[in-house]
Amino acid sequence: FNNSTSRLLISDDGHGFLLDCGYQRVIDAVQDLMAKKLVKKVEGIFVTHMHDDHTDMVQKASEIFQCPIYATTEYADVLARPEAYHLPALTANAMKNLRVMKDGEKLAWRGFDLTFHFYPGQTLYHGALLAEKKGEKPIFFIGDSFAPSGLDDYSLQNRNLLHEDSGYLYCLKKIRTLPEGCWLMNQHIPPVFRYSEKELAMLE
């Protein structure tokens, strides 16, 4: 499932796990899948980062689907209290049903092993979700951090840092630890992709 800046993991038994929800049309599309009996229930929403095109309708979706919202410790507060931050492209819709996960914390969900990551690429307030399923190539949902062409965006206003253990360099280290054959997925770009060792070295 691919709609706007959202993705929907669907388990073999028809349950859904939503990644981001910036628009009403995403909720409408998921409800249409439910009406067609293709999805039984949405059981969670993972927020990749704080930008409004990914977050504006997350709280509403959480209420409609009666499910929790997941984020990592490092950026959960900006989702819960956006009014306390002076940052570009913030949603005005605070999130109330947050389940805060530690960097690297895992969740077994309906045949998937989900690993939550702090992933401060396009913005400091950013995460990523690794989804692994037996017999299939794993996918690393990376929000807006990285694209097939390289760095997706760089902006000091997003508090995009460049130090050895922060920002894009920290994210590149994470990419190097992913399972073999893992795909990367940007929320804006439908095709999955991965980097060669030469490309990773060039990006660093």
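**View 1. The hairpin of strand 7 and strand 8 in the predicted model.** Strand 7 and strand 8 run antiparallel and are joined by four bridges. Here Trp109 has Phe112, in strand 8, as its bridge partner. Two residues lie between the strands of this hairpin, and Arg110 takes a positive phi near 45 degrees.

**View 2. The open sheet that runs 7-8-9-10-12.** Stepping back from the hairpin, we find five strands in this sheet, with mixed pairing. Strand 7 (106-109) and strand 12 (183-185) stand at the edges with a single partner strand each, so one side of each has no neighbour in the sheet. On average, and ignoring direction, neighbouring strands of this sheet are turned by 25 degrees against each other. Look next at strand 10 (residues 139-141), which pairs with strand 12 in the parallel sense over three bridges. Across this pairing, Phe141 stands opposite Met185 in strand 12.

**View 3. The open sheet that runs 1-2-3-4-5-6.** This sheet has six strands, again with mixed pairing. Its edge strands are strand 1 (2-3) and strand 6 (98-101), each of which pairs on one side only. Strand 2 (residues 6-10) and strand 3 (residues 15-19) are joined by four bridges in the antiparallel sense. Within that pair, Leu9 has Phe17 of strand 3 as its bridge partner.

**View 4. Leu9 and the largest nonpolar core.** Staying with Leu9, we can follow its contacts into the largest nonpolar core, which has 39 residues. Leu9, Phe17 and Leu114 have the most contacts inside this core. Helix 1 (residues 24-35) supplies the largest share of the core, four residues. Leaving aside residues up to four places away in sequence, Leu9 touches His15, Gly16, Phe17, Leu19, Trp109, Phe112, Leu114, Ala131 and Phe141. Readers will recognise Trp109 and Phe112 among these contacts as the bridge partners of the hairpin. A second core, separate from this one, has 17 residues, including Phe140, Ile175, Leu178 and Leu184.

**View 5. Helix 1 packed with helix 3.** How are the two helices placed against each other? Their axes are 10 Å apart and meet at an angle of about 25 degrees. That angle makes helix 1 roughly parallel to helix 3, and their crossing is right-handed. On the helix 1 side, the residues in contact are Gln24, Ile27, Val30, Gln31 and Met34. They meet Lys60, Ala61, Ile64 and Phe65 of helix 3. Helix 3 (residues 58-65) also lies across strand 4 (41-46) and strand 5 (69-72), and runs at about 155 degrees to strand 4.

**View 6. Helix 5 and its surroundings.** Is helix 5 (residues 167-176) mostly covered or uncovered? Helix 5 is mostly covered, with seven of its 10 residues buried. The buried residues are Gly167, Tyr168, Tyr170, Cys171, Leu172, Lys174 and Ile175. Ile175 also appears in the second, separate core described in View 4. Around helix 5, the buried residues pack against strand 8 (112-118), strand 11 (162-163), strand 12 and helix 6 (197-203).

Methods: Residues are numbered from 1 along each chain as its sequence is written. This is a predicted model: local features need pLDDT of at least 70, side-chain atom pairs count only at pLDDT 80 or more; totals for chains, interfaces and linings use all residues. Side-chain values use heavy atoms; hydrogens and water are left out. Two strands pair if DSSP finds at least two bridges between them. Axes are lines fitted to C-alpha atoms, for helices over the stretch in contact, and angles run from 0 to 180 degrees between N-to-C directions. A nonpolar core is a set of buried Ala, Val, Leu, Ile, Met, Phe, Trp, Tyr and Cys residues joined through side-chain atoms within 4.5 Å. Buried means under 20% relative accessible area, exposed over 50%, partly exposed in between (1.4 Å probe, protein chains only). Contact means heavy atoms within 4.5 Å. Angles under 35 degrees count as roughly parallel, over 145 as roughly antiparallel, 65 to 115 as roughly perpendicular and the rest as oblique. A crossing is left-handed if the near helix is turned anticlockwise from the far one by less than a right angle, and right-handed if clockwise.
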